[in-house]
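Biologist: Please take a close look at one part for me: the strands of chain B and how they are arranged in sheets. Keep it brisk.

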Amino acid sequence: MAIFNLKNREIECKVVYYGPGRSGKTTNLEYIFKTYKKQVTDQLVSIDTEGDRTLFFDFLPMGLGKIGGCDIRVQLYTVPGQVQYSSTRKLVLKGADGIVFVADSFAIRRDKNILSLKDLDLNLKECGLNIFKIPLVLQYNKRDMSGMADGSIPIMSVETMQNDLNRQLKVPYFPASALTGEGVGRTLKESLKLTLLHLQKELKWAQK
Amino acid sequence: MADLSFAGNLNFLNLGELLQIFGTNGSTGILKIKSKYSEEPGRMYFVKGELVNAEAGSKEGNDAALALFGWTEGEFEFRTQEVKTKNVIRKSRMEITLDALRLLDDGRIEKLGPVTYAKTFDESSEKDSLIPVIRGPLVDYTYVVEEEEYRDGDKIVTEGKFGNWIWVVLEGKVEIVKETKQGLRKIVRLTVGSFVGTLSTTMPGQYNVRTASVVAVGSVQLGLLDSQRLYSEYMKLSPLFKEIITSLGNRMKQITGMVVDVNSKNLNNKALLKGKKILIDQGSNDNRVFTITDGEATIVRTTDNGDLPLMTLSAGDLLGRIPFVNTGHEPHSASVYVSKDFSAREIDTEIIQKEYDQLSLTFKNMLENMGDCISATTMIISEFHRLSLISK
């Protein structure tokens, strides 16, 4: 649930990048941080966890308008994928308003994607959230690797990934390459759109 | 004096969540964190929502802030007031929170609570193994009549000998060990605030055989407790409350005895549970408490490695979740099976809770510590059980 900061007349909402380790969550956030630097209000906080990094920064999306006369401030987070970091994961997921699930297109990571999505479902339940109700967007990352002529790193087709991950969820999905930045902005925009629509709906419901 | 603005239990809102709340609220003031495992409360200083300084024991600044994340049990109080301390912490609150939680998950921040773990060399399996280290609540010195010093390796209590004394650990650590066919088995370590000997061992007129040996690890200072005073307090208790104490003592004794049995191969679950039906299911929220009047009840813990019968209780013993003692058994972490001829009387937990509230601090501490010891010993037995299955 977003926080309504009455002092600053701001609505703070939280978008979390989730996914298996090394799928490119951090790269997504680093790209956003670089590209939208003017809109970033805070420093990029990076915490090194074993084998992965957890990132966090504050972000003021432009041109999104206001809700109920309040400005909107978005906090972007990544979550450490490894099992042992349960305290961090819980804190970050608690009160998340939107989720971007970053899946790895490498064929060898197929099972990792499915496991991580299941894990997300469980973790959200623990925080009293529902994967079918929370604004969720899928990103199929590392598509740029398909351009390799020799096919040394086999990647899955978008259809296969849809079938694996999005058959029941039926949420928006974007092929992307976080390294080059392709698809990163579109993923974020869609996620913010869904998140804010969801917030607005909740707000109307509350006003009735 | 500043007014209290916000207070509560860390079970409900943890430190990470508090930092976020004060942050978005832009609060200025002092957050005090009280834990019964620390004499001095911890403090965090906030200016306009940002953490500027912290104190925890002898630590200050960033180190203290991180250490406080290990205080997962306790109470907090926030007072809005002017903060004059130096601005020592320059990291943002979110950075500190995320970093602290990572360190906590990595086991690099010490958790301040009753049970921690220590690596120790186990002679019987010739390997390093982890054993629980149990800390007790803050020592109530009014019951300590004499301080005794022991050196590393000194035997304080010998298994099988008679003894009525009871001590509290003032400094250092002692190890509880038990004789088994495979040699000496280390069960748990007790550190500051834990009691050596149980309440039932202090009762005069009873010949109390010590169920395990106690050995000093490094130099240890123990406080001998005033058994006269404990005894007179005990005599004033209601018959029901005396039953609770005796039954907890029995549970402790039986669970310590299991350390021997778990290694022998004759753990015959089927025979033990034959003809018995389930009374309390593991994991249920059954909050009833009973006194057994007839028949017997077997406490069973279901683990990943199958069912492990822990003990069998009979007439006079208590079953169920006693509100102020956490034994780590039924209903959350063990089931209860009862024989055909079993009958029991349900107890009103409110009455025993009221009597508990009237007890002296030392009595309360002893009951709590006993629950922690039973819980930790059960865990170590589950571990021995797992190891014995692997070796088969």
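Modeller: Here are the sheets, followed by a helix pair and the contact between the chains.

This is a predicted model, in which local features need pLDDT of at least 70, side-chain atom pairs count only at pLDDT 80 or more, and totals for chains, interfaces and linings use all residues. Residues are numbered from 1 along each chain as its sequence is written, while chains are lettered from A and ligands numbered from 1 in the order in which they are written.

One open sheet in chain B has 4 strands, ordered S15-S20-S17-S18, and its pairing is antiparallel. Strands here are DSSP runs of E of at least two residues, helices are runs of H or I of at least four, and both are numbered from the N terminus. Two strands pair if DSSP finds at least two bridges between them. S15 (277–280) and S18 (306–314) of chain B are at the edges; each has a single partner strand, so one side of each lacks a neighbour in the sheet. On average, neighbouring strands of this sheet are turned by 35° against each other, direction ignored. Axes are lines fitted to C-alpha atoms, for helices over the stretch in contact, and angles run from 0 to 180 degrees between N-to-C directions. Within the sheet, S17 (residues 296–303) of chain B pairs with S18(B) in the antiparallel sense over 8 bridges. B:Thr302 stands opposite B:Asp307 in S18(B).

Chain B also has an open sheet of 3 strands in the order S19-S16-S21, with antiparallel pairing. Its edge strands are S19 (318–320) and S21 (343–347) of chain B, and each pairs on one side only. Here too, neighbouring strands are turned by 35° against each other on average, direction ignored. S16 (residues 289–294) of chain B is joined to S19(B) by 3 bridges, and the two run antiparallel. B:Thr291 stands opposite B:Leu318 in S19(B).

Now the helices. The axes of H1 (residues 15–25) and H3 (residues 93–105) of chain B come within 10 Å and cross at roughly 175°. That makes H1(B) roughly antiparallel to H3(B), a term for angles over 145 degrees. B:Gly16, B:Leu19 and B:Gly23 of H1(B) meet B:Arg93, B:Thr97 and B:Leu101 of H3(B) in the contact. Residues are in contact if their C-beta atoms, placed from the backbone, lie within 7 Å.

Last, the chain contact. It takes 17 residues from chain A and 13 residues from chain B. H2(A) gives the most to the side of chain A that touches chain B, with 4 residues.

Note on methods: Two residues are in contact if their C-beta atoms, placed from the backbone, lie within 7 Å. Angles under 35 degrees count as roughly parallel, over 145 as roughly antiparallel, 65 to 115 as roughly perpendicular and the rest as oblique.
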